[in-house]
Amino acid sequence: MTSYKELGLVNTREMFKKAVAGGYAIPAFNFNTLEQMQAIVQAAVETKSPVIMQVSKGARNYANGTILRYMAQGAVEYAKELGCENPQIVLHLDHGDSFELCKDCIDNGFSSVMFDGSALPYEENIRITKQVVEYAHAHDVTVEAELGVLAGVEDEVQAEESHYTKPEEVIDFATRSGCDSLAISIGTSHGAYKFTPEQCTRDPKTGRLVPPPLAFDILHEIEKKLPGFPIVLHGSSSVPQEEVDTINAHGGKLPDAVGIPEEQLREASKSAVCKINIDSDSRLAMTAAIRKHFDEKPGDFDPRQYLKPARENMKKMYIHKIVEVLGSNDKL
Ligand SMILES: [Zn+2]
């Protein structure tokens with residue numbers, strides 16, 4: 001048993017309370033590699049932002065859960081080395097699919113876990129979420145649950161179509177499950193292809209797709225039913241057009257990739273939404289920098305030569321999100 005407290009990590013309780021009261025959201029960045037971890041920590045330290053580093057099933061398969069946990073421990077030490085006296089870093093399990101997995105993460109240094117029972121029948125989702133909550137709270141670990149199904153693809157998580165969260169269910173679900181925060185479905189979606197061209201309109205000037213707006217009416221109804229309760233948005237990359245353009249200009253092929261417009265995420269951050277998950281934008285920033293580098297310097301073969309600009313580009317993106325979209329800067 002390794003408690004996250006021994007590793008210098010924190011849970012989300014105080015962090016979310018402050019974020020909801022302060023009208024900003026905490027960035028939740030997925031990580032799989034050393035370069036992502038370094039970029040996340042550098043960005044968080046430079047902007048004085050709390051940060052959630054999250055580990056998905058795909059990340060555990062790719063990088064190994066134990067290694068990622070040690071990397072999170074390293075992230076805390078690295079933040080201190082960079083001059084941050086009191087880093088606020090959460091290590092979070094993204095889309096845990098069983099009690100056993102959540103328990104294993106809690107036993108191995110995670111400070112926060114998500115149990116995603118959104119594909120289960122309602123009562124089953126409550127039952128297992130409650131079981132996770134009981135174990136987690138005994139170890140002062142916080143729990144995110146999910147109600148409503150998101151469309152799209154994020155690692156192993158797939159859903160054919162989006163089913164918006166029903167506001168009338170949230171009080172019952174949150175009360176009976178005891179979860180600390182709730183991921184809701186209001187039209188965000190996993191992956192870099194969040195919407196089909198049929199779901200969008202096309203900007204006549206640029207020819208680019210304009211996605212349908214998020215269902216703010218549902219969000220506000222949920223806020224009314226559960227005042228101050230921390231709400232989480234998954235699948236909230238904005239799929240920056242300049243990164244997509246760079247990828248496509250250097251041999252890539254990402255036609256009609258489209259994300260959530262940043263002004264909508266900015267608006268959501270000011271509400272009870274206190275955690276915003278961003279994964280695809282980091283992938284795009286990394287890939288754009290690497291493709292450009294290889295195109296311009298075909299003779300390079302030392303991974304450090306192309307991973308350095310990739311890391312820089314991700315860091316720039318993380319800082320932009322923190323300062324310009326979520327507003328979590330200067331909170332340490
Ligand atoms: Zn997700």
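This section describes the strand barrel of a predicted model and the helices packed against parts of it.

In the predicted model, 8 strands close into a barrel in the order 1-2-3-4-5-8-12-13, with parallel pairing. Direction ignored, neighbouring strands of this sheet are turned against each other by 25 degrees on average. In general, strands of a sheet pair through backbone hydrogen bonds, in either a parallel or an antiparallel arrangement.

Strand 5 (142-147) lies between strand 4 and strand 8 in the barrel order. Strand 4 (residues 112-115) runs parallel to strand 5 and is joined to it by 4 bridges; within this pairing, Phe115 has Ala145 of strand 5 as its bridge partner. The connection between these two strands involves helix 6 (residues 122-138), and strand 4, helix 6 and strand 5 together make a right-handed β-α-β unit. Strand 5 also pairs with strand 8 in the parallel sense, over 4 bridges, and Glu144 is matched with Ser181 of strand 8 as its bridge partner.

The residues of strand 5 divide between two directions: Thr142, Glu144 and Glu146 point one way, whereas Val143, Ala145 and Leu147 point the other way. Both sets are buried. Because 6 of the 6 residues of strand 5 are buried, this strand is largely enclosed by the rest of the structure. Helix 7 (residues 167-177) lies across strand 5 and strand 8 (181-184), and runs at about 150 degrees to strand 5.

A further parallel pairing involves strand 2 (residues 51-55) and strand 3 (residues 89-96), which are linked over 5 bridges. Here, Gln54 stands opposite His92 in strand 3. Helix 4 lies across strand 2 and strand 3, running at about 155 degrees to strand 3.

Helix 4 (residues 65-81) also packs with helix 2 (residues 34-47): the axes of the two helices come within 10 Å and cross at roughly 35 degrees. The crossing of helix 2 past helix 4 is right-handed. On the side of helix 2, the contact is made by Met37, Val41, Ala44 and Val45, and on the side of helix 4 by Met71, Ala75, Tyr78 and Ala79. The residues of this contact comprise 8 nonpolar, no polar and no charged residues. Helix 4 thus takes part both in the contact with helix 2 and in the layer across strand 2 and strand 3.

Methods. Residues are numbered from 1 along each chain as its sequence is written. This is a predicted model: local features need pLDDT of at least 70, side-chain atom pairs count only at pLDDT 80 or more; totals for chains, interfaces and linings use all residues. Axes are lines fitted to C-alpha atoms, for helices over the stretch in contact, and angles run from 0 to 180 degrees between N-to-C directions. A crossing is left-handed if the near helix is turned anticlockwise from the far one by less than a right angle, and right-handed if clockwise. Two residues are in contact if their C-beta atoms, placed from the backbone, lie within 7 Å. Ala, Val, Leu, Ile, Met, Phe, Trp, Tyr, Cys and Pro count as nonpolar, Asp, Glu, Lys and Arg as charged, and the others, Gly among them, as polar. Two strands pair if DSSP finds at least two bridges between them. A residue is buried if 20 or more other C-beta atoms lie within 10 Å of its own, exposed if 12 or fewer, and partly exposed in between; C-beta atoms are placed from the backbone. A crossover is right-handed if, with the strands pointing away from the viewer, the path from the first strand over the helix to the second runs clockwise.
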